[in-house]
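Here is an informal walk through this model, helix packing to begin with and the DNA strands after that. Have the structure open as you read.

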Number of protein chains: 2
Amino acid sequence: MPVSSRFAVAVHILTLLDVKGGRPATSEYIASSVNTNPGVIRRLLGQLARAGLTTSRLGAGGGSLLAKPAAHIRLVDAYRAVESGRVFALHHATPSARCPVGRHIQSALSSVVGRAERALEEELAEVTVADMVASVGARGRPKVGNLPRR
Amino acid sequence: MPVSSRFAVAVHILTLLDVKGGRPATSEYIASSVNTNPGVIRRLLGQLARAGLTTSRLGAGGGSLLAKPAAHIRLVDAYRAVESGRVFALHHATPSARCPVGRHIQSALSSVVGRAERALEEELAEVTVADMVASVGARGRPKVGNLPRR
DNA sequence: GACAAATGTTACTAGAGTGGTGACACAACA
DNA sequence: TGTTGTGTCACCACTCTAGTAACATTTGTC
C-alpha cells in the first residue's frame, strides 16, 4: 500500500500553528520544524486553506494561521483535506460478469470497505488539534483539549 | 494515498475458492473471473499461502484450495496477508528536535494513527469469507456465515 | 515609491510501489 | 514420457510522492 506522509505533516503544521498562538508562521519556519522543503509545506497549506482549516497573509510579515480554534479542528478534517480518503481500491478491471462471484463481489466489497474506512475516519474524528497540542506538551496556555483517549 | 487493489483481489480469490467447494481452482481460472493475468493471481496466492489461508496442489489437476473453513477466514487475515498494514506514514525525515512540536509530534501521531488503523482492522475482522460467499449469493450450500452487519 | 519578505502556483525530477507480462524450473498426474 | 499447472523471477509502463527551483504577485516598511 503506497503510504503517504501528508497526513502526518498536515497535523504537524496545524499543531505548530496553534502553538504559535496567533502569530503567523512562515512556510520556511514550518519547514524547519518539519525538516523538509518550504515548497512541500506551501503545497499542503494550500490544501488545508482550501478546506477552511488555515488562512494566510501575503507579503512581508505574512504567514499562515489557523482559521478556527484548535479545539474545533478534528484530525479527520486534516485527513480529508490532504488525502484521497480511499484506503482500498477495488479491482482495476471489472471482474467477469459470467462468474457469479465476479458479478457481485464488487458491491459486496465496497460495503465492507466503506465500513472499514468509516471506522478509521471516526477514530480520527475523536482527536482535535488542541488534543495534539496538549499531548505534545508545548504551551502552558490553557486549552480546551484533553489527552487523546485511552 | 497510494491505493492498491490487492486486498480486493485477495478477497475475490478466497470467495471463489470457497464457492468451488473443494475442487482445486487454477490460477488461469481465477484470473478469468478476476479479469487479470494468471501471474498476478499466482503472486497473490503465494502471499495467501504463506499466511496459511490457502494451499495448492502442484502438477496436472492441481490448483489452489482454502486451507481452512471459509467461516474461519476473516477479511482482516487477507488484509494482513497482502498489504503492508500501514495506512499512514510518519514524516520521511525526522522532525527538528529543537522544536517542542517537532520533538514530540511523532509519538503523539503514532498513537492516534495506531488507533485508527486498529479500528479499520477490527472492522475487517467482523467479516469472514463465508459472509462474502453468502452476500455474493453464489451457492445454496448452507454456510455458517450470515450477511455482513448493518 | 522602492525594496524586501512571503505566498501561491507551476514545472521538473528521482524514487518507490503497482500491476501486467513473459519465461522457466519443477512437481504431479495420466 | 508428455502434459498440466505451480512457484518464482525479471522486466516494463504507469502512477504517486516528495524534494527542488523558479517566478509572478501581494504586502509591509523605510
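In this predicted model, α3(A) and α4(A) are roughly perpendicular to each other. Helix α3 of chain A covers residues 38-50 and helix α4 of chain A covers residues 75-82; they pack at an angle of about 115°, with their axes 9 Å apart. That value still counts as roughly perpendicular because the class runs from 65 to 115 degrees. As for handedness, α3(A) passes α4(A) in a right-handed crossing.

Which residues make the contact? From α3(A) come Leu44(A), Gln47(A) and Leu48(A), while α4(A) brings Ala78(A), Ala81(A) and Val82(A). Sorted by class, the contact of α3(A) with α4(A) has 5 nonpolar residues, 1 polar residue and no charged ones.

Let's stay with Gln47(A) for a moment. Gln47(A) sits in helix α3 of chain A and is partly exposed, with 17 other C-beta atoms within 10 Å. Setting aside neighbours within four places in sequence, Gln47(A) is in contact with Ala81(A) and Val82(A). Another pairing to look at is Gln47(A) with Arg80(A): these two are 33 residues apart in sequence, yet their C-alpha atoms are 9.7 Å apart in space.

Now for chain B. The axes of α3(B) and α4(B) come within 9 Å and cross at roughly 115°, so this pair, too, is roughly perpendicular. The crossing of α3(B) and α4(B) is right-handed. On the α3(B) side, the contact is made by Leu44(B), Gln47(B) and Leu48(B); on the α4(B) side, by Ala78(B), Ala81(B) and Val82(B). The residues of the contact of α3(B) with α4(B) divide into 5 nonpolar, 1 polar and no charged.

Further along chain B, in the loop between α4 (75-82) and α5, you'll find Val87(B). Is Val87(B) buried or exposed? Val87(B) is buried, with 21 other C-beta atoms within 10 Å, and the cut-off for buried is 20 or more. The C-alpha atoms of Val87(B) and Ala116(B) are separated by 9.0 Å, though the two residues are 29 apart along the chain.

Next, the backbone of the α2-α3 loops. Most residues other than glycine have a negative phi. Asn35(A) goes the other way, with a positive phi near 70°. Asn35(A) is found in the loop between α2 and α3 of chain A, and is partly exposed, with 17 other C-beta atoms within 10 Å. Over in chain B, phi of Asn35(B) is also positive, near 70°. Asn35(B) lies in the loop between α2 and α3 of chain B and is partly exposed, again with 17 other C-beta atoms within 10 Å.

On to how the two chains meet. The contact takes 56 residues from chain B and 56 residues from chain A. On the chain B side, α1 (6-20), α2 (27-34), α5 (100-125) and α6 (129-136) each supply at least two residues. The largest share of that side, 16 residues, comes from α5(B). By class, the side of chain B that touches chain A has 33 nonpolar, 18 polar and 5 charged residues.

That leaves the DNA. How many residues surround DNA strand C? There are 33, and the closest are Ser56(A), Ala60(A), Ser5(B), Gly39(B) and Gly59(B). The elements giving two or more residues to this surface are α2 (27-34), α3 and β2 (63-66) of chain A, together with α3 (38-50) of chain B.

Around DNA strand D there are 32 residues, of which Ser5(A), Thr36(A), Gly39(A), Gly59(A) and Ser56(B) come nearest. Here the elements with two or more residues are α3 of chain A together with α2, α3 and β2 (63-66) of chain B.

The table puts the two DNA surfaces side by side.

| Surface | Largest share | Residue classes |
|---|---|---|
| Near DNA strand C | α3(A), 6 residues | 11 nonpolar, 17 polar, 5 charged residues |
| Near DNA strand D | α3(B), 6 residues | 11 nonpolar, 17 polar, 4 charged residues |

To tie this back to the start: α3(A), which crosses α4(A) at about 115°, also gives the largest share of the surface near DNA strand C. Likewise, α3(B), roughly perpendicular to α4(B), gives the largest share of the surface near DNA strand D.

How values were computed: Residues are numbered from 1 along each chain as its sequence is written. Chains are lettered from A and ligands numbered from 1 in the order in which they are written. This is a predicted model: local features need pLDDT of at least 70, side-chain atom pairs count only at pLDDT 80 or more; totals for chains, interfaces and linings use all residues. Axes are lines fitted to C-alpha atoms, for helices over the stretch in contact, and angles run from 0 to 180 degrees between N-to-C directions. Angles under 35 degrees count as roughly parallel, over 145 as roughly antiparallel, 65 to 115 as roughly perpendicular and the rest as oblique. A crossing is left-handed if the near helix is turned anticlockwise from the far one by less than a right angle, and right-handed if clockwise. Two residues are in contact if their C-beta atoms, placed from the backbone, lie within 7 Å. Ala, Val, Leu, Ile, Met, Phe, Trp, Tyr, Cys and Pro count as nonpolar, Asp, Glu, Lys and Arg as charged, and the others, Gly among them, as polar. A residue is near a molecule or strand if its C-beta atom, placed from the backbone, lies within 6 Å of it. A residue is buried if 20 or more other C-beta atoms lie within 10 Å of its own, exposed if 12 or fewer, and partly exposed in between; C-beta atoms are placed from the backbone.
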